[in-house]
Amino acid sequence: MTAETTAPGTADPKAIEVAGLRKSFGELEVLRGIDFSVARGEVVCVIGPSGSGKSTLLRCVNLLEEPSAGRVTVAGTEVTDPDVDIDRVRRRIGMVFQAFNLFPHLNALDNLTIAQRRVLGRDRAEAERIGRANLERVGLSDKAAAYPAQLSGGQQQRVAIARALSMDPELMLFDEPTSALDPELVGDVLAVMRALAQDGMTMLVVTHEMSFAREVADRVVFMDGGVIVEEGTPEQVVGAPQHERTRTFLARVLDPAAAEVGEVVDSGAAGKRVDR
Amino acid sequence: MSVSKRQRARIVRGVQYGVLVVAVVVFALVADWHQLRMAFFDVEVAKALFPEIITTALVNTVLYTLLGFGFGLALGLVLALMRLSSVPPYRWIAVTYIEFFRGIPCLLVFIALGFGVPLAFEVALDMNVTVMLSLGLVGAAYMAETIRAGIQAVPKGQTEAARSLGMSHGRAMVSIVIPQAFRIVLPPLTNELILLTKDSSLVYLLGLSLTQFELANFGRDALNEHKSLTPILIAGLLYLVITLPLGQLVRRLEARTAKAR
Ligand SMILES: Nc1ncnc2c1ncn2[C@@H]1O[C@H](COP(=O)(O)OP(=O)(O)OP(=O)(O)O)[C@@H](O)[C@H]1O
Ligand SMILES: [Mg+2]
């Protein structure tokens, strides 16, 4: 296999390895040389101001966006290799979106079984068994027959997490999973993610929930302007940031009210919510 | 003496009602009610039309419409997908087809397939095939545009979610995008079915045998036989029996879509 890039001697390849990653949309260079990696079982939170390229980075990992340059390797498979079967790679990577993106024409259980059956070729009975187990895992075993429109935002997002889990992914990507939720619904989703982290799932999480990052993350990555400004343990990055840009950002996120009366915020507030 | 704005509005409205009442009264006095009734609703003639006007004519109208609609829908879906293809020649073909068949009268297609093809290729197409192709070829052009708009109305996040679960582009289309697109386009497609129901009367041109008569042809034939407009009136009412419930269905579907938003 040409896609195997495991160096001899390293028996356990990183879950994600990103090297020299660049991405431009026309003139606009959104990612300007990103290098970082996520080990198996590690939880990494990506934080940074709006427009800094966090989503784009995440989407380059499962090739929803095609990188302009650089290499991305997922569990030993180089996904930027032109010969790689990207559909095979994607089924090993769970992704959770800010806007949930549940399939509105299918009920919760069918949302969980459709890809199992159509992609993994599981039969209906097995797919439903696995689907129900995952609904149970996110605390929604009673909602199997409900359609997305009948669920609250928090419930929808938990179904979306269960949908990704039903594919038995090796790692999970989360793009601001709680940003579109009413504040009182955020906790349920974070609780599910926390449990997932405790079960040893590899997770790359873009989030503005600093308490979650502090509690759950093994490592925090701060991005700004398409580069990684600093990374380290939550204590290092959130607790004692080294860079001025990180400090400014954290001050704004941790105490938005102070930022509003203080200096003018440049590129949008960090704690923004999506209109629904 | 001055009139206020409101008074003037009231006078204008009064005059309008007055004109209407006078017109109705004059018509009622002048009209020859007996002759009108005989022309439009001669009970004896009406009785003679049944049951064939239902068992043959109405059934054939529905049959021809469904043949054309089924073929048009399948071809329309293919054209819509071609129109959205990333391969430019497919797009060009689809655009050319759609513009061509939307721009010419359906009648012309009936003439081409009913008379042109048999003359030019010395093959006579089966009646049902001719109707299916004529109605379907034109209907497909309209339905393709409708379906394309429906597919594009499905949010991009749906495709992304499907692809991130490992579905191929085609699988995501079939399992996720197209089922949602069809919900969106159900009202306009039902409208298309209404139009096709009426256009199916064009088959009249082809010279049908008695068992192939649909409503318009049946009415025309009975008109000659009975020298009465009654068959035409009843044929018209039977079209409404098909189209009015469909129109009602469109409104219900539209209301449902509006609510789901
Ligand atoms: N498909 C696209 N086409 C053009 N520009 C894009 C596209 N996607 C993202 N961008 C631009 O790239 C920049 C980074 O976007 P990205 O979504 O990665 O930021 P982000 O860090 O996730 O921000 P946010 O916190 O607002 O989600 C933005 O300026 C955005 O406008
Ligand atoms: Mg983003």
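Let me begin with the shell around ligand 1, whose residues divide into four nonpolar, six polar and three charged. I should say at once that this is a predicted model, and that what follows is to be heard with that in mind.

Of the 13 residues around ligand 1, the ones that come nearest are S50(A), G51(A), K54(A), S55(A) and T56(A). If we ask which elements of chain A give two or more residues to this shell, we should first look at the polar contacts, and I will take these one at a time. In the side chain of S50(A), an N or O atom is 2.6 Å from an oxygen atom of ligand 1. For K54(A), a polar side-chain atom lies 2.9 Å from an oxygen atom of the ligand, and for E176(A) the corresponding distance, again from a polar side-chain atom to an oxygen atom of ligand 1, is 3.1 Å. As for how much of the ligand is covered, ligand 1 on its own has 630 Å² of accessible area, and the protein covers 63% of that.

Coming back to the elements, those that give two or more residues to the shell are β2, residues 28–38, and α1, residues 54–61, both of chain A. Of the elements, α1(A) gives the most to the shell, with three residues.

Now let me turn to chain B and its backbone. Most residues other than glycine have a negative phi, and most peptide bonds are trans, which is the background for the three places I would like to show you.

At the first of these places, the peptide bond from F50(B) to P51(B) is cis, with omega near 0°. P51(B) itself has its place in the loop between α3 (43–49) and α4 (52–83) of chain B.

Next comes E122(B), which has a positive phi of about 55° although it is not a glycine. Where in chain B does E122(B) have its place? The residue is in the loop between α6, residues 106–121, and α7, residues 127–153, and with a relative accessible area of 72% E122(B) is exposed.

Finally, there is K227(B), another residue other than glycine, for which phi has a positive value, near 50°. K227(B) is found in the loop between α10, residues 215–226, and α11, residues 230–260, of chain B. Is K227(B) buried or exposed? Its relative accessible area is 69%, and K227(B) is therefore exposed, given that the term is used for values over 50%.

Note on methods: Residues numbered from 1 in each chain as written. Chains lettered and ligands numbered in written order. Predicted model: local features only at pLDDT ≥ 70, side-chain atom pairs only at ≥ 80, totals over all residues. Heavy atoms only, no water. Near = heavy atom within 4 Å. Polar contact = N/O pair within 3.5 Å; in protein donor to acceptor, adjacent residues only side chain to side chain. Areas by Shrake-Rupley, 256 points an atom, 1.4 Å probe, with all protein chains shown as cover. Helix = DSSP H or I, 4+ residues; strand = E, 2+ residues; numbered from the N terminus. Nonpolar A, V, L, I, M, F, W, Y, C, P; charged D, E, K, R; others polar. Buried < 20%, exposed > 50% of the residue type's maximum accessible area, 1.4 Å probe, protein only.
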